[in-house]
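Biologist: Please take a close look at one part of this model, and then set that part against the rest of the chain. Keep the sentences short.

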Amino acid sequence: MCGGVQFELDGQTIKTFFPNPKARLPVLTRQGQEVLVPWGRRESQTGLTPQGGWARLESIKNGIWNRFNPRPVKISVDAFMEKDQAGESHWFLLESQQFIQGLIATDGPFTRLYVVTEENEQSCHKSNRWPRVMDASEPLRTSSGGLF
């Protein structure tokens, strides 16, 4: 389900995990720069965006996220981690031209980033959810023209 990620920042390897309330993920801007955006919302954090750090692709397509002005983004990481049903961590490497699709949600002054997930048999997590991994050449829009 993507509970952690690894990425390079200023020559250092960074590992961050969702339970950390200060977790930020690198998002690639249209100008090709990386900016760090807060990852999701925890119960103790202010705001109205959904609690958690993930957005199901089906819920996005069904309009559940519309009130938060969702924008698709590219999360630029080298690897992600998910835990299996026994609680063991497993790391999955991305290729150099791959990224994880994210959703930027806004709620007044708050901007939060959610990892877009879909069902995938590769997942070892009990939810059977997997981050939506895409190639850099793939557009963030669907063939129907929707955001996802």
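Modeller: Start with R41, in the loop between β4 (34–38) and β5 (54–56). Keep in mind that this is a predicted model. R41 is buried, yet the residue has no salt bridge. Where is the nearest side chain of opposite charge? That is D107, 6.1 Å away. A salt bridge needs a nitrogen within 4 Å of a carboxyl oxygen, so D107 does not qualify as a partner for R41.

What does the side chain of R41 reach instead? It reaches the backbone oxygen of T49, at 2.6 Å. T49 also appears among the residues that R41 touches, once residues up to four places away in sequence are set aside. The run T46, G47, L48, T49, P50, Q51 and G52 is on that list. F18, R112 and Y114 complete it.

R112 leads on to I104, since R112 is also among the residues touched by I104. I104 sits in strand β9. At 4% relative accessibility, I104 counts as buried, because the limit for that label is under 20%. Leaving out residues up to four places away in sequence, I104 touches V37, F68, N69, P70, R71, V73, T111, R112 and L113. The C-alpha atoms of I104 and P72 are separated by 6.4 Å, although their positions lie 32 residues apart along the chain.

L113, one of the contacts of I104, belongs to the largest nonpolar core. That core has 19 residues, and I100 and L113 have the most contacts inside it. Which strands each supply at least two of its residues? They are β1 (4–9), β3 (24–28), β6 (71–75), β9 (98–107) and β10 (110–119). Apart from this core lies another, of 9 residues, including L57, L103, A105 and V116. L113 itself touches L25, V27, V37, P38, W39, G40, G53, V73, I75, G102, L103 and I104, again without residues up to four places away in sequence. L103, from the 9-residue core, is thus also a contact of L113.

Now the charged pair. The structure holds 1 salt bridge. In it, the side chains of E118 and R132 meet at 3.8 Å, N to O. E118 lies in strand β10 and R132 in the loop between β11 and β12, so the pair ties together parts 14 residues apart in sequence. Are the two partners buried or exposed? E118 counts as partly exposed, at 23% relative accessibility. R132 is buried, with a relative accessible area of 16%. The loop that holds R132 runs between β11 (129–131) and β12 (133–135). R132 has a further partner: its side chain makes a polar contact with the side chain of Q101, at 2.8 Å. Set R41 beside R132. Both are buried, but R41 has no salt bridge, whereas R132 has one with E118.

Last, the whole chain. Its secondary structure comes to 1 helix and 12 strands. From the N terminus, the elements run β-β-β-β-β-α-β-β-β-β-β-β-β. Of the 148 residues, 41% are buried. Among contacts with a separation of 6 or more, 58% join residues 24 or more positions apart. The accessible surface comes to about 8,400 Å², and 46% of it belongs to carbon and sulfur atoms.

Notes:
Residues are numbered from 1 along each chain as its sequence is written. This is a predicted model: local features need pLDDT of at least 70, side-chain atom pairs count only at pLDDT 80 or more; totals for chains, interfaces and linings use all residues. Side-chain values use heavy atoms; hydrogens and water are left out. Helices (H or I, at least four residues) and strands (E, at least two) are DSSP runs, numbered from the N terminus. Buried means under 20% relative accessible area, exposed over 50%, partly exposed in between (1.4 Å probe, protein chains only). Lys and Arg count as positive and Asp and Glu as negative; His and the chain ends are not counted. A polar contact is a pair of N or O atoms within 3.5 Å; within protein, one must be able to donate a hydrogen and the other to accept it, and residues adjacent in sequence count only if both atoms are side-chain atoms. Contact means heavy atoms within 4.5 Å. A nonpolar core is a set of buried Ala, Val, Leu, Ile, Met, Phe, Trp, Tyr and Cys residues joined through side-chain atoms within 4.5 Å. Accessible areas come from the Shrake-Rupley method with a 1.4 Å probe; for residues, only the protein chains shown count as cover.
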